[in-house]
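Trainee: Got a minute to go through this model with me? I'd like to get my bearings before I do anything with it.

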Amino acid sequence: MSDNVLEVDGLRKEFGDLVAVDDVSFTVPQAGSLAIVGESGSGKTTIARMIVGLERPTKGTITACGQDRSTPSRSAAARKRRGREIQIVFQDPYTSLDPRQTAQATIDEVLKLHHGWPADRRRERIAELTGLVGLDERQARALPRALSGGQRQRVAIARALAAEPRVLILDESVAALDVSIQAQVLNLLADIRDSTGVSYVLISHDLAVVRQLTNDVIVLHRGVVVERGTTASVLDDPQHAYTKRLRASVPRPGWKPRRGALLAAGDTAGEEPPP
Amino acid sequence: MSAAAPAPLVTVHASRARSATGLLRGTGPAGIASAAVIAIATVVAIVGKLVAPYDPTSANLSLNFIGPSGGHFLGYDFEGRDVLSRLLAGAQSSMLGPLAVVIGALVLGSLLAVIAAWRRGAVDAVISSVVDVLFAFPGILLAVLAAAVFGAGLTAAATALAIAYMPYVARVLRGAALKERSQPYVAALEVQGASATAICLRHILPNIAPLIVAQATTMFGYAMVDLAAVSFLGLGVQPPAADWGVMISENQVGIPEGYPLPALAAGACVVAVVIAFNLLGERLFERAQGAR
Amino acid sequence: MNSTVSESEPLLQVEDLTVRLTVEGRRRPVLRDVALQVRAGEAVGLVGESGSGKSMTAKAIDRLLPRGAEVSGQIRFAGQDVRGLEGQALRSYRNKVAMIFQDPRAHVNPVRRIGDFMTEALRTNLNVAAADAGKRAVAMLDQVGIGHGERRLRQYPHELSGGMLQRVMIAAALLTEPQLLLADEPTTALDVTTQAEVMAILDDLRREYGLAVLFITHDLDLAAAICDRTAVMYAGQIVEVRESALMHDDPLHPYSAALAAARPDIDAAAGRLAAIGGRPLSAFEAPDAECAFAPRCPHAAPACREALPPLVELDGGLSRCVRAAELRGRGAGLRGATPSDPRLAAGPTSGGQTGE
C-alpha cells in the first residue's frame, strides 16, 4: 500500500504565538514530484526544514521510507541514516557551499560519511556525480568563488545526490539563477529524476517552474493548505481565491497588472498602523 | 630597535620576507615591515644566545654603566654585563612568554566560542556569562595573584595572562562562529548527518581562522607588554636571567644617573616588537573582515 | 507635470556610453557603446541577465558609478550633458531623475522615520516647508495605496514589510515630481502577488504624471507589462531594442529569442526547455571584434565572427545581429531553431511556445 517515500500528517509549527504551519498533510509517491507553492510567510520553508530535521515540529508526524522522523534525532547514526533518505538543495548558491572546499572535496566528504569506500572508488564516484550534474574537470577542482551561481548549484545538487537519497527537497533552488541558467538546471533536474528515480519536493513561488518540474502541487497560504491536486489541474483551473490570485499575478506574454484586483493578502497597506 | 644586527641575520630575514608575501598579501608596506621586524625578533629568540658576542651573565661591577666602546656596541649594564648580548639572549624569554599566553588564550577561547556558537541556547548563555565575568579581571591583576599563590616566575604569569586574555578571543570568535553556523552550507552538512565535532573542526574553525590569526597577532603585542610589566615588578622572569622586562627594571637606576642606554635599549626592543605585532595584527584583521 | 508624450528630442539620450572599472587591479569594460533613448512619458524596459550591464547603465545615468570609473560617451537629459554636472546643478538633476532600487532596506536609513526620509529632498533641495512637505508625502502615500499616511510617516522602516517599503520608495521618488524614473529591479525581491500590485501602481502613476520610466529587470514578460519598448542587453551592450508587444513572438536577436524560449511556460510543461548552452558573458569577458553571443548562438555563421556587429535599424527596432533580417525572412523567424542544431536539444517543439 504505502508506495510513498514521504508522508507528512498534521504537521504544525508554532514560534511562540505565531503559527507558521497549521495542520499540513501530504504524501510523495515513489519517483513522484510534489510542489509546495507559497509566498513569504506561507510556511513552506519551515515545512522543508522540519522534514530534514533542522526544525522540530510542534505537532504532527513525518515518515520517510517507512521510518518515522517526526522529531530531529540526537543520535549521529540515526542522522546519517536519515541523510540517505532525504537531502536538500538550498536557494542561495553563494552560501550553500563551504568557501574553502573544492567541489571534489565537498562531494568526497559526503561519500566518506556514508560509505566506507577506498579512495579510488570514491574518486570514480565523484567523477560520475560531477558528470551527472554537468561539471567539467576544471570546475570540479575549483573553489566556489571561481564558479558561477549555476555551477555552484550543480555542486550543491551533486553533494545532495552523493548520499543517494530517495527524496530531494529543492528549496527555491533555481530562484536565484539567471533565466538561461535556470533552464539548464531544470533540464538537469528532469534528467536526474529520469536516471536515478529520486522523488522531488519542490518549494517554490514560481508557478512556471512548478509546472515544468512537478506532477502534484499543494498551495500554502499563511501556514495552511488551501488547495491541492495535480499541477496541471490546479494551474489550469484553480479553485481557491488565493490560488487564482497567485496565478493571475505571474508575468507572462501579454500580461497586464491591474490595481486593487490583486491586493496581496496580508499586505497591511490599508490597515491601521499602530498609534 | 637594536638595529645593529650582524650582516648574516639581515640576509636571512630578507629571504623569509620574500617567501612570505603570499601570507602578507593585502597588508600593505606597514604589514610587510612589521612582519620583517617580527621575523628578526623570532630569529634572535631562537639563536640569540648563540650569536651573542659576549657572555650575557658574566658580571664585572667595575665596568658598570660604561657607554658604547670597543666591541660593546651598546655598552655595559648596571652589573657590567654586555647590553647587546643580554638583549640577544633575552629575546628568547621575552618572545616565548607571550607565545605561551597567546596559544593558551586562543585554544581556550576558540573552544568556548565554538561550543557556545554551536549549541546556542542555555549552553551559550552559561559560557557567555563565565566569559563576561573574566572580562572584569585585568591581566596584571591575575598575574600578581598567581605570583602570590604559586610563586613568581614565567609559568604562573603566562598562565594567568592566558586566562585573562581568553575572553577577548572568545567574544570575537563567538560572533564569527555564530555567523558561520547559520550559513546554509552548515545546515547542508547537518542534513547529511555529519557530526557536530566534524563540522566545527573541519568547517567552522577553518573559516574563522583568518580572524583568529589576526587576533593572535595583536594579542602577542599586549601579552608582551603585560609580561614585561610583570617581570619589571619582579613577579615574572627572575633576575639575573636575561629578559627585556627584567632589564628595564634592573637598569632603571641608570636613567636618573645619566646612563639611560641599557634600560632604553631594552624598552625599545619591547616597543618595536609590540608595535610590529599590533600593526600587522590590525592589517590582518582588516583583511579578514574584508574577505567576509 | 510634464505631459507631452512625444518631442523631437528624446528626454534621455545615451550614446556610445563605455564604462571601464578597475577590477582586481585591471581596467575592464562593463559597458560597451551603450546607446539608449527614452522619450518624455515613455516607459522603456532594459532586460538582461547577470553581467549584462543593465544596472551599471542606470547607475551611469544617475551618476552613481564608483569612484575611479572611466566613462566615455554621452549622456544627455533634456538636452543637457549629465556627465559634467556638479554641485547645485547635479542636485537639481537628481530632482528630475529619481531612482528606486531592488532592496529598499539597503537604501533607507533605519534609524530615521519614514516621514523624514520621504520629505528630505523636498525640504533641502526644493526649500519646501516641513508642514507642506508632510502633506504632500501623505497625499503621495495615498496614491501608492498606503492609507493612514500621517501615522505611517512616524513609523520606522523596520515596521513595514518589503512590499510596503518599496511603495514608500516609489512615493518618495515621485515627490520631487521627476520627469524620469529609473527603476532597478524594484520588484525582484517581492512576492509575486505584491509584485503585481507594485507594477500596477507604477503603471498607473506613470500615466497620471506623464513620467518617463527606465525599467530594469531580468524578466522579459515583466518589462513588457508596462513598457512600450524593451531593450535587451548582453555582455555590456545593447543587442536589441523592440516594441514590447512584438518582442516575444518576433524578436530581432537570437539572444532575445533564446531568453524568451528558455523560460518555462505556466500553461504547459515542455518536454525539455530550450536552454542555451554556456553562461551569460560579462562585458570584460566578451571579445572586441566579434559578436559576443556567437559562441552560444544556434544561428552563428562565419560572418558573426568577423567583426563586432553594429546596432542597425530593422522593422522599427534595433538589432545587433548581422543575420537578423535574413532569419526573419524564414518561416518561424528567430524563434524557430534549426532542427539539426544540437544545442537546442529535442525537436521543433522545444521552443516552449505558449499556446497562441
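**Walking through chain A**

Mentor: Sure. Chain A has ten helices and ten strands, where helices (H or I, at least four residues) and strands (E, at least two) are DSSP runs numbered from the N terminus. This is a predicted model: local features need pLDDT of at least 70, side-chain atom pairs count only at pLDDT 80 or more, and totals for chains, interfaces and linings use all residues. Residues are numbered from 1 along each chain as its sequence is written, while chains are lettered from A and ligands numbered from 1 in the order in which they are written.

Trainee: OK, what's the radius of gyration of chain A?

Mentor: Chain A has 20 Å, which agrees with the value near 19 Å for a compact globule of 275 residues. That's taken over C-alpha atoms, and the globule rule is 2.2 Å times the number of residues to the power 0.38. Along the principal axes, the C-alpha atoms of chain A fill a box of roughly 65 × 45 × 40 Å.

Trainee: And how much of chain A is buried?

Mentor: Buried residues make up 48% of the 275. Buried means 20 or more other C-beta atoms within 10 Å of the residue's own, exposed means 12 or fewer, and partly exposed is in between, with C-beta atoms placed from the backbone.

Trainee: Which strand order does the six-stranded sheet have?

Mentor: The order is β6-β7-β8-β3-β9-β10 in chain A, an open sheet with mixed pairing. Two strands pair if DSSP finds at least two bridges between them. β6 (86-89) and β10 (224-230) of chain A are the edge strands, each pairing on one side only. On average, neighbouring strands of this sheet are turned by 15 degrees against each other, direction ignored; axes are lines fitted to C-alpha atoms, for helices over the stretch in contact, and angles run from 0 to 180 degrees between N-to-C directions.

Trainee: Tell me about β3(A). Is it mostly covered or exposed?

Mentor: Mostly covered: five of the five residues in β3(A), residues 33-37, are buried. Ser33(A), Ala35(A) and Val37(A) are on one side, Leu34(A) and Ile36(A) on the other, and both faces are covered.

Trainee: Why the split into two sides?

Mentor: Because in a regular strand the side chains alternate between the two faces of the sheet.

Trainee: Which residues stand opposite Ile36(A)?

Mentor: Ile203(A) in β8(A) is one of them, and Ile218(A) in β9(A) is another. β3(A) runs parallel to β8 (residues 199-204), with five bridges joining them, and also pairs in the parallel sense with β9 (residues 216-221) over four bridges.

Trainee: What about the edge at β6(A), which helix lies across it?

Mentor: Helix α6 (residues 149-162) of chain A lies across β6 and β7, at about 175 degrees to β6(A). β6(A) and β7 (residues 167-171) pair in the parallel sense over four bridges, with Ile88(A) opposite Ile169(A).

Trainee: Switching topic: how many residues of chain A are in contact with chain B?

Mentor: 22 residues of chain A, in contact with 14 of chain B; contact means C-beta atoms, placed from the backbone, within 7 Å. α2, β6 and α3 (103-114) of chain A each give two or more residues to that side, and α2(A) gives the most, with five.

Trainee: And the four-stranded sheet, what's its order?

Mentor: β2-β1-β4-β5 in chain A, open, with antiparallel pairing. β1 (residues 4-15) and β2(A) pair over eight bridges, and Phe15(A) stands opposite Leu18(A) in β2(A).

Note on methods: Contact = placed C-beta atoms within 7 Å.
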